[in-house]
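This briefing introduces a single protein chain to a reader who is new to structural description. Please keep the sequence and the model in view while reading.

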Amino acid sequence: MRKSMRVLFALTLAAGALGVNGCGGARQGPRGSDPATMLQVDNQSFLDMNIYLITSGGARIRMGTAGGNSTTNLRIPATYIFGGSELRFQADPIGSNRQPVSQSITVFPGDTVRLIIPPGT
């Protein structure tokens with residue numbers, strides 16, 4: 001199984017910064033089944049965050065909650081990953097009106113996308 005590491009992009013927003021890194025894993029599982037695609041949220045902020053997946057079509061899908069000052073692993077539903085899919089992620093801080101959104105990122109089945117939410121976001 002071949003693994004590769006790639007930095008996809010980092011984005012600085014007025015409300016804070018969301019950094020997204022991608023770690024490419026195996027692109028295809030046995031007999032054509034796709035491996036799990038994961039989102040790892042490194043929430044360095046004090047506030048808990050509701051995490052949303054924003055599809056290329058603009059749909060907003062709630063993935064879960066990332067606790068403050070913790071790392072949370074969320075599975076990206078396979079129904080939104082079609083070969084290389086362009087996705088964005090939104091962090092909605094509970095108790096705040098800021099909602100930073102990442103730039104588009106191309107995600108493949110089996111990737112682990114790392115979303116970094118810095119302190120003060």
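Strands, labelled E, are DSSP runs of at least two residues, numbered from the N terminus. The place of Asn69 can be stated in these terms: Asn69 is in the loop between E5 and strand E6 (70-76). The model is a predicted one, and the points below describe the chain as a whole before turning to particular residues.

**The chain as a whole**

- The chain contains 9 strands and 0 helices, and the order of its elements from the N terminus is β-β-β-β-β-β-β-β-β.
- The chain has 121 residues, of which 42% are buried.
- Its exposed surface is about 6300 Å², and 51% of that area comes from carbon and sulfur atoms.
- Of the contacts between residues at least 6 apart in sequence, 62% join residues at least 24 apart.

**The nonpolar core**

- The largest nonpolar core holds 19 residues, and those touching the most other members are Leu39, Val41, Ile51, Ile76 and Phe89.
- At least two residues of this core come from each of strand E3 (37-43), strand E4 (49-54), E5, E6, strand E7 (85-93), strand E8 (105-107) and strand E9 (112-117).
- Beyond residues up to four places away in sequence, Leu39 touches Ile51, Met63, Thr72, Asn73, Leu74, Ile76, Phe89, Val113 and Leu115.

**Met63 and Asn69**

- Met63 belongs to strand E5 (residues 60-66).
- Met63 has a relative accessible area of 15%, so it counts as buried, the cut-off being under 20%.
- Leaving aside neighbours within four places in sequence, the contacts of Met63 include Leu39, Ile51, Leu74 and Phe89.
- Tyr52 is also in contact with Met63; the two residues are 11 apart in sequence, and their C-alpha atoms are 5.4 Å apart in space.
- Asn69, in the loop that follows E5, has a positive phi of about 55° although it is not a glycine.
- Asn69 counts as exposed because its relative accessibility is 54%, and the cut-off for exposed is over 50%.

**Strand E7 and its partners**

- Of the 9 residues in E7, 7 are buried, and the strand is thus mostly covered.
- E7 pairs with E4 in the antiparallel sense over 6 bridges, and Asp92 in E7 is the bridge partner of Asn50.
- E7 also pairs with E8 in the antiparallel sense, over 3 bridges; Ser85 stands opposite Val107 in E8.

**Charged residues**

- Asp92, which is found in strand E7, is buried yet has no salt bridge.
- The nearest side chain of opposite charge to Asp92 is that of Arg60, 4.4 Å away; a salt bridge requires a side-chain nitrogen within 4 Å of a carboxyl oxygen, and therefore this pair does not qualify.
- Not counting residues up to four places away in sequence, Asp92 touches Asp48, Met49, Asn50, Tyr52, Arg60, Arg98 and Gln99.
- How many salt bridges are there? The count comes to 1.
- Arg114 and Asp42 form a salt bridge, with their closest N and O atoms 2.9 Å apart.
- This pair links distant parts of the chain, as Arg114 in strand E9 and Asp42 in strand E3 are 72 residues apart.
- Arg114 counts as partly exposed because its relative accessibility is 31%, whereas Asp42 counts as buried at 11%.

Definitions and conventions. Residues numbered from 1 in each chain as written. Predicted model: local features only at pLDDT ≥ 70, side-chain atom pairs only at ≥ 80, totals over all residues. Heavy atoms only, no water. Helix = DSSP H or I, 4+ residues; strand = E, 2+ residues; numbered from the N terminus. Buried < 20%, exposed > 50% of the residue type's maximum accessible area, 1.4 Å probe, protein only. Contact = heavy atoms within 4.5 Å. Core = buried A, V, L, I, M, F, W, Y, C linked by side-chain atoms within 4.5 Å. Areas by Shrake-Rupley, 256 points an atom, 1.4 Å probe, with all protein chains shown as cover. Lys, Arg positive; Asp, Glu negative; His and termini not counted. Pairing = 2+ DSSP bridges.
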